[in-house]
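Student: I would like to learn how to read a structure like this one. Could you walk me through a few features?

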Number of protein chains: 2
Amino acid sequence: MQARIHITLKPEVLDPQGKAVLHALGGLGFGGIEDVRQGKTIDITLAETDRSVAEQDLIRMCETLLTNTVIENYEIEIDGI
Amino acid sequence: MQARIHITLKPEVLDPQGKAVLHALGGLGFGGIEDVRQGKTIDITLAETDRSVAEQDLIRMCETLLTNTVIENYEIEIDGI
């Protein structure tokens, strides 16, 4: 089973990396860019075949290791859904 | 218009960060994890309203700044599609 976790900074948290990309794109002549935010994805291949068990495991992985829930949000996508 | 760019290492490129996460999850007692790969996302808010123009701009952004096409793949998603 293939899962993808999207981790993004909460909207109220400053994202200096995103701002750097925004300015760099402006410097290269790309106009009309209003905002850039950078996040990360973690693709996990699981042996588990039961979707609901996998989802519970992934939530625990996010809460204990993968994300900092004070400043980050996460979304879990399993087999592209 | 809201775009999301998914950037992942090509499958043949070693991903030490993913391996570190894999081992850390194992150490926390999570079993049955076959592989972990880490990637990044860049969320861009564009003023452009024409989807095909936006897509061309995003491809140029990826090719010139956002990705290293030697070792990375990218996928562009516009308004969730």
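Student: Let me start with one residue. Where is the place of B:V13 in chain B?

Tutor: Happy to help! Keep in mind that this is a predicted model. B:V13 sits in the loop that links strand 1 (2-9) to helix 1 of chain B.

Student: Which residues is B:V13 in contact with, leaving aside its neighbours within four places in sequence?

Tutor: Those partners are B:R37 and B:I71. Distance along the chain and distance in space are separate things to read. B:V13 and B:V70 are 57 residues apart in sequence, yet their C-alpha atoms are 9.8 Å apart in space. You can try the same reading in chain A: A:P16 and A:Q38 are 22 residues apart along the chain, with 9.0 Å between their C-alpha atoms.

Student: Is A:P16 buried or exposed?

Tutor: A:P16, which belongs to helix 1 (residues 16-27) of chain A, has a relative accessible area of 57%. Exposed means over 50%, so A:P16 counts as exposed.

Student: And A:H6, is that residue buried or exposed?

Tutor: A:H6 lies in strand 1 (residues 2-9) of chain A. Its relative accessible area is 5%, so A:H6 is buried. Its side chain makes a polar contact of 3.1 Å with the side chain of A:E77. Beyond four places in sequence, A:H6 touches residues of both chains, including A:K40, A:Y74, B:R4 and B:H6.

Student: How are chain A and chain B related?

Tutor: Here is the general idea: two copies of a chain are related by a rotation about an axis and a shift along it. In this model, a turn of 180 degrees and a shift of 0.0 Å along the axis lay chain A on chain B with an RMSD of 0.0 Å. The two copies are therefore related as by a two-fold rotation axis. The same surface serves both copies, as 100% of the contact residues of chain A recur in chain B.

Student: Which residue of chain A comes closest to the rotation axis?

Tutor: That is A:K40, with its C-alpha at 1.9 Å from the axis.

Student: At what angle do helix 2 of chain A and helix 1 of chain B pack?

Tutor: Helix 2 (residues 51-66) of chain A and helix 1 (residues 16-27) of chain B pack at about 105 degrees, and their axes are 11 Å apart. That angle is why we call the two helices roughly perpendicular.

Student: Which residues meet there?

Tutor: From helix 2 of chain A come A:M61, A:L65 and A:L66, which meet B:V21, B:A24 and B:L25 in helix 1 of chain B. The residues of this contact divide into 6 nonpolar, no polar and no charged.

Key
Residues numbered from 1 in each chain as written. Chains lettered and ligands numbered in written order. Predicted model: local features only at pLDDT ≥ 70, side-chain atom pairs only at ≥ 80, totals over all residues. Heavy atoms only, no water. Axes fitted to C-alpha atoms, helices over the stretch in contact; angles between N-to-C directions. Helix = DSSP H or I, 4+ residues; strand = E, 2+ residues; numbered from the N terminus. Parallel < 35°, antiparallel > 145°, perpendicular 65-115°, else oblique. Contact = heavy atoms within 4.5 Å. Nonpolar A, V, L, I, M, F, W, Y, C, P; charged D, E, K, R; others polar. Least-squares fit on C-alpha atoms with pLDDT ≥ 70 in both. Buried < 20%, exposed > 50% of the residue type's maximum accessible area, 1.4 Å probe, protein only. Polar contact = N/O pair within 3.5 Å; in protein donor to acceptor, adjacent residues only side chain to side chain.
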